[in-house]
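Subject: Structure for you to look through

Dear colleague,

I am passing on the structure we spoke about, and I would be glad if you kept it open while you read the notes that follow it.

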Amino acid sequence: MTALGKLFHTTAFKLSLAYLVVFTIFAFSLLGYVAWNTGRVLTDQIASTIGAEVHGLDEQYRVGGLRRLVNIVERRSRQPGASLYLLTTPAGERIAGNVGSLAPGTLDEAGLKEIAYGRNEDSEATPQSALVRIYILPGGFRLLVGRDLEDRARLRDVVWRAFGWSLLLIIVLGCAGGWFVMRRVLKRVDAMTETARTIMAGDLSGRLPVGRASDELDRLAQNLNVMLDRIGELMAGMREVSDNIAHDLKTPLTRLRNKADEALRMARTPDDLRAALEATIEESDSLIRIFNALLMIARLEAGNARETMADFDAADVARGVAELYEAAAEEAGFGIDVSADEPLPVHGSRELLGQAVANLIDNALKYGAPQAGAAGPITVSATRDLDCAVITVADRGPGIPTAERGRVLERFVRLEAARSRPGFGLGLSLAAAVARLHGGTLRLEDNAPGLRAVLSVPLRGEVHASPAREEGAASEAAERLRQLHSATQGQPV
Ligand SMILES: Nc1ncnc2c1ncn2[C@@H]1O[C@H](COP(=O)(O)OP(=O)(O)O)[C@@H](O)[C@H]1O
Ligand SMILES: [Mg+2]
């Protein structure tokens, strides 16, 4: 498309054109109204001037008769800038006055009218128009008194010319302004299109130019840039996940394959084969768990879990999960201290929050074995802090060095000390993803000694549920948590 063609197709052009038409119509109506009204006022004025003159002549006629009237008409006719006068006999012959020629029949009827006349006898001259009043005097004499309408015609001329000029000016200015605006808009839209094209070609680093005007185009560009940032982040996340999956699943898959291979070559008895198969199934189960956890994190980060959100009590979830781990904690040699008395109403997914808390407690059990000189149970607390529900899981173990605290939240990151324990490095990622889904955060702090994991999510506001309903909901929720755990084979990730 040519540049001009493109211009004609822009919204800016169509808008400018519409405005131009509307403005022209408006200017036309306004000028027309002014012209018509001024003409009317002028005509009224002329009519009243004629009236006054006729009144004067009438008085003279009454005092001095026809002779005096003739004298006065003759004298007034000669004055510069005089009105129009004509006095004729009943037969239409001219006695006195300054009107040259008249259309035939003009004097037949008395009254006020607009006529065409000539200044002198020369009938070739172009006739002029005048507003006149005609009287029929006693004896049939005719008297015409009037004024030329040249002024009115001149005014009409002036108005028309003004209209022409303003129309021209409106069109020129409108076109110039429209052109200017469109050029600017088009240039910016072109720049945006160009960037969009490079982005579409695969270069996600491109960003739309944002001007300083902060007009609607700038705002659009800003929002699109934010969107591109987000897409870039998601893409980077995806790339990282697929890289990680490729790396981290390779080891268990290779192990699985080697075990099967070894069993084939070495197993002598059906029992050997059975044992090998059982080991293979176990290995496969843990692979499935990794996949499930990865899928869940991906779903959470895409915000897909929002439709299953409901209102529930976070303190209740913390209590329920801690209860599930009590036996395991006793077995490991350190108990669990729970303090979650205050109801903490939040809106979200009870199961997911439960899974996140389970992951934190599981970590505390796995990695939080008290160091020499520091003993103590795992503490789980659910408290209210401003408008947040804060669930804290703290242990008295070695903790995580400050420098590593950000990194362990990433997928598949496990610290050296943890290598001997089962796990895939997805538990904290999942807990952090759950916190983000609820609009909250997961922080890792120093428990001096040990690790304190702080999961905080915004409170819903008011609790409407009655105590009886809450109790019912609590047992129902505990049941659901148990189901969830059996679905993940009782194991957090
Ligand atoms: N309570 C804790 N004390 C010390 N280190 C921890 C604790 N919790 C987590 N970590 C470290 O963070 C890493 C990531 O944890 P996580 O994502 O739950 O993976 P996993 O438990 O499968 O190893 C762990 O491997 C461990 O090194
Ligand atoms: Mg873990």
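Before the pocket is described, one term has to be clear: helices, such as α4, are DSSP runs of H or I with at least four residues, numbered from the N terminus. Please also keep in mind that this is a predicted model.

**The largest pocket**

With that term in hand, we can say that α4 gives the most to the lining of the largest pocket, namely 9 residues. The pocket holds about 770 Å³ of space, and its lining is made up of 32 residues, among which Gly-237, Ile-297, Glu-301, Arg-411 and Arg-436 lie nearest the centre. Two or more lining residues come from each of α4 (216–266), α5 (270–301), α8 and β12 (441–446). If you sort the lining by class, you will find 17 nonpolar, 7 polar and 8 charged residues.

**The ligand**

Which residues are closest to ligand 1? The ligand is surrounded by 18 residues, and the closest of them are Asn-363, Tyr-367, Asp-395, Arg-414 and Gly-425. By class, this shell consists of 10 nonpolar, 5 polar and 3 charged residues.

Three contacts to oxygen atoms of the ligand are worth finding on your screen. An N or O atom in the side chain of Tyr-367 is 2.6 Å from an oxygen atom of ligand 1, whereas Gly-425 uses a backbone N or O atom, which lies 2.8 Å from an oxygen atom of the ligand. Leu-415 likewise has a backbone N or O atom that lies 3.1 Å from an oxygen atom of ligand 1. Taken alone, the ligand exposes 530 Å², and 97% of that is buried by the protein. The elements that give two or more residues to this shell are α7 (350–367) and α8 (427–437), and the largest share, 3 residues, comes from α7.

**The cavities**

Rolling a probe the size of a water molecule over the atoms shows where empty space is left. In this model the count comes to 2 cavities of 30 Å³ or more, and the second largest has a volume of about 60 Å³. Its lining is formed by Leu-360, Asn-363, Ala-364, Val-393, Asp-395, Leu-428, Leu-444, Leu-451 and Ala-453. Here α7 and β13 (451–458) are the elements that give two or more residues, and α7 gives the most, with 3 residues. The lining of this second largest cavity divides into 7 nonpolar residues, 1 polar and 1 charged. You may recognise Asn-363 and Asp-395, which are also among the residues closest to ligand 1.

**A salt bridge within a helix**

Side chains of opposite charge can pair when their charged atoms come close. A search of the whole structure finds 22 salt bridges, and one that is easy to follow joins the side chains of Arg-62 and Asp-58, with 2.6 Å from N to O. Both residues lie in helix α2 (residues 11–78), where they are 4 residues apart, which is about one turn of the helix.

**Two details of the backbone**

Most residues other than glycine have a negative phi, and most peptide bonds are trans. Against that background, where does Leu-386 lie? Leu-386 is placed in the loop between β10 (378–385) and β11 (388–394), and its phi is near 55°, a positive value in a residue other than glycine. The peptide bond from Ala-448 to Pro-449, for its part, is cis, with omega near -5°, and Pro-449 is found in the loop between β12 and β13.

With best wishes

Definitions and conventions:
Residues numbered from 1 in each chain as written. Chains lettered and ligands numbered in written order. Predicted model: local features only at pLDDT ≥ 70, side-chain atom pairs only at ≥ 80, totals over all residues. Heavy atoms only, no water. Near = heavy atom within 4 Å. Polar contact = N/O pair within 3.5 Å; in protein donor to acceptor, adjacent residues only side chain to side chain. Areas by Shrake-Rupley, 256 points an atom, 1.4 Å probe, with all protein chains shown as cover. Nonpolar A, V, L, I, M, F, W, Y, C, P; charged D, E, K, R; others polar. 1 Å grid on protein atoms, 1.4 Å probe; cavity = no way out; pocket = protein on both sides within 12 Å on 5 of 7 lines; lining within 4 Å. Points joined across faces, edges and corners; volume = space filled by probe spheres on them. Salt bridge = Lys/Arg side-chain N within 4 Å of Asp/Glu carboxyl O.
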